[in-house]
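Here is a walk through one protein model, from its overall form down to single residues. Keep the structure open while you read.

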Amino acid sequence: MESGVIKSYIWTAVNRFLHYFLILTFALSYLSADMDALFIVHIICGVLFGAGVILRVIWGFIGTKYSRFWDFNYRGILEYLTSILGEKRHYVGHNPASSVAIVLIFVLGFLVVLSGLLQYGAEQNSGIFAPLFFTYSHFYTGDDLHEFFANCLLFIVMIHICGSLIDKFWNKGDAIHSMINGYKRTQKDESVSLNFIQKVIFSFFLLFLFVLFLYLLYPKNILLRPSAQDFFTQDSNKIAFEEYKQECGSCHIAYAPFLLPKSAWDSMMSDLENHFGDDASLEEETHARIAVFLEKYANDVLDTKFAQQKESKEIAISQTPYWEVAHRKLNPKIFKTEAIKSKANCQTCHKDAESGIFAKNAVDYSKLKSLKENL
């Protein structure tokens, strides 16, 4: 009791934990989005944020009073907003503005995570949607869509925060304090408590998030891991792929076929006697199989982010449009260092380059940082 007003326990530990968990994971994911070296942080926090949204939605159906969606106050939002700087009605649970904002946050949160995972598969060839890597033209605007949803979500969150600050400093409300200690001022006791089943469910929530976090740190987890090009080893491709790795991989890495167009592979294979100053001639049958294999999976045949519309016989991967865009931020001098020596040494920084994996989270950023510092 405080000055004749009862302090009721409205927000349980479940509400408060999920509230701050969502804030933390979204903030970390958003802030690390444009930092290549922290890309894995962006992805991990994004997945954890998505898991938090799902758990909060579940709690919206089985949680305590005022946590459930049917206990939200959706009506009277215009009246509430027009009186924002005046005397407003006191709500024990969520007011109309916060009720709508929370639902929008959940919807946008779901769209942000889904669009992010779809784009992660289509562009980075990683995660559960990795097969979309070969249908990239359908998702080339995915980054813009993902960013749009993320910014919309941030906008709603900022409005929600502004509303909470107005409530605290202008209307002298206790919305912010209640999300810290769980208590709100009420005219009568409106306190809620967790029953046994809800306590068990909350324990499951905590265990699930902890296990999920540990699993995401596992390099080969199915949600985030880069996908190797297993299709190279299927059926008729297997012999040609093995021969390609043996013959070409004996001098340098066996570059993924989708890094160059058909015309470039054809130009290269038709003049192996003068292969960058060396004679790389092959037996006729082996040559034929490898040539067919390379042209079958060239970058103007497969629908990947490496695809290029313009036909070219340039056999230097570093001269392709995608390579130039992907490395535009790097100092050209870095490719002349003793550790790299050539733009052709992809494996120096791309740890799984020989498997055709060029995902951001498969880059050795510690190596890259060291190279930059030694320029």
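Begin with contacts along the chain. Take the contacts between residues at least 6 apart in sequence: 68% of them join residues at least 24 apart. Bear in mind that this is a predicted model.

Next comes the overall form. The C-alpha trace spans about 95 × 40 × 35 Å along its principal axes. The radius of gyration is 28 Å, whereas a compact globule of 375 residues would have one near 21 Å. The protein exposes about 21100 Å². Carbon and sulfur atoms supply 61% of that area. Buried residues account for 42% of the 375 residues.

Now the secondary structure. There are twelve helices and two strands. Their order along the sequence is β-α-α-α-α-α-α-β-α-α-α-α-α-α.

What holds the interior together in terms of nonpolar contacts? The largest nonpolar core has 38 residues, and Tyr-244 and Leu-259 touch the most other members. Four helices each supply at least two residues of this core: α8 (237–248), α9 (262–269), α10 (284–296) and α12. Apart from it lies another core, of 20 residues. Among its members are Ile-44, Val-47, Tyr-120 and Leu-194.

Look at Leu-259 in detail. Leaving aside residues up to four places away in sequence, Leu-259 touches Asn-299, Phe-306, Ile-317, Thr-320 and Phe-358. Phe-358 also appears among the contacts of His-350. With the same sequence neighbours left out, His-350 touches His-327, Ile-357, Ala-362 and Val-363 as well. His-350 sits in the loop between α11 (321–326) and α12 (365–373). Is His-350 buried or exposed? Its relative accessibility is 16%, so His-350 counts as buried. The cut-off for buried is under 20%.

That same loop, between α11 and α12, holds Lys-341. Lys-341 has a relative accessibility of 57%, and therefore counts as exposed. The cut-off here is over 50%. Its backbone deserves a look too. Phi of Lys-341 is positive, about 70 degrees, although the residue is not a glycine. Most residues other than glycine have a negative phi.

Tyr-66 also has a positive phi, near 80 degrees, and is likewise a residue other than glycine. Tyr-66 is placed in the loop between α2 and α3 (77–82). Which side of the burial cut-off does Tyr-66 fall on, buried or exposed? At 8% relative accessibility, Tyr-66 counts as buried.

Turn to the surface. Leu-24, Leu-28, Met-35, Leu-38, Ile-40 and Val-41 form a nonpolar patch there. Together they have about 460 Å² of accessible area. Two elements give two or more residues each to the patch: α1 (13–31) and α2 (39–62). Leu-24 is one of the patch residues, and Leu-24 belongs to helix α1.

Finish with a pair that is distant in sequence. Leu-206 is found in helix α7, residues 196–217. Its relative accessibility is 35%, so Leu-206 counts as partly exposed. How far apart are the C-alpha atoms of Leu-206 and Phe-17? The separation is 9.4 Å, although Leu-206 and Phe-17 are 189 residues apart along the chain.

Notes
Residues are numbered from 1 along each chain as its sequence is written. This is a predicted model: local features need pLDDT of at least 70, side-chain atom pairs count only at pLDDT 80 or more; totals for chains, interfaces and linings use all residues. Side-chain values use heavy atoms; hydrogens and water are left out. Buried means under 20% relative accessible area, exposed over 50%, partly exposed in between (1.4 Å probe, protein chains only). Contact means heavy atoms within 4.5 Å. Patches are made of residues with over 30% relative accessible area and no salt bridge: like charges are joined within 9 Å, nonpolar side chains (Val, Leu, Ile, Met, Phe, Trp, Tyr) within 5 Å. Accessible areas come from the Shrake-Rupley method with a 1.4 Å probe; for residues, only the protein chains shown count as cover. A salt bridge is a side-chain nitrogen of Lys or Arg within 4 Å of a carboxyl oxygen of Asp or Glu. A nonpolar core is a set of buried Ala, Val, Leu, Ile, Met, Phe, Trp, Tyr and Cys residues joined through side-chain atoms within 4.5 Å. The radius of gyration is taken over C-alpha atoms; the globule rule is 2.2 Å times the number of residues to the power 0.38.
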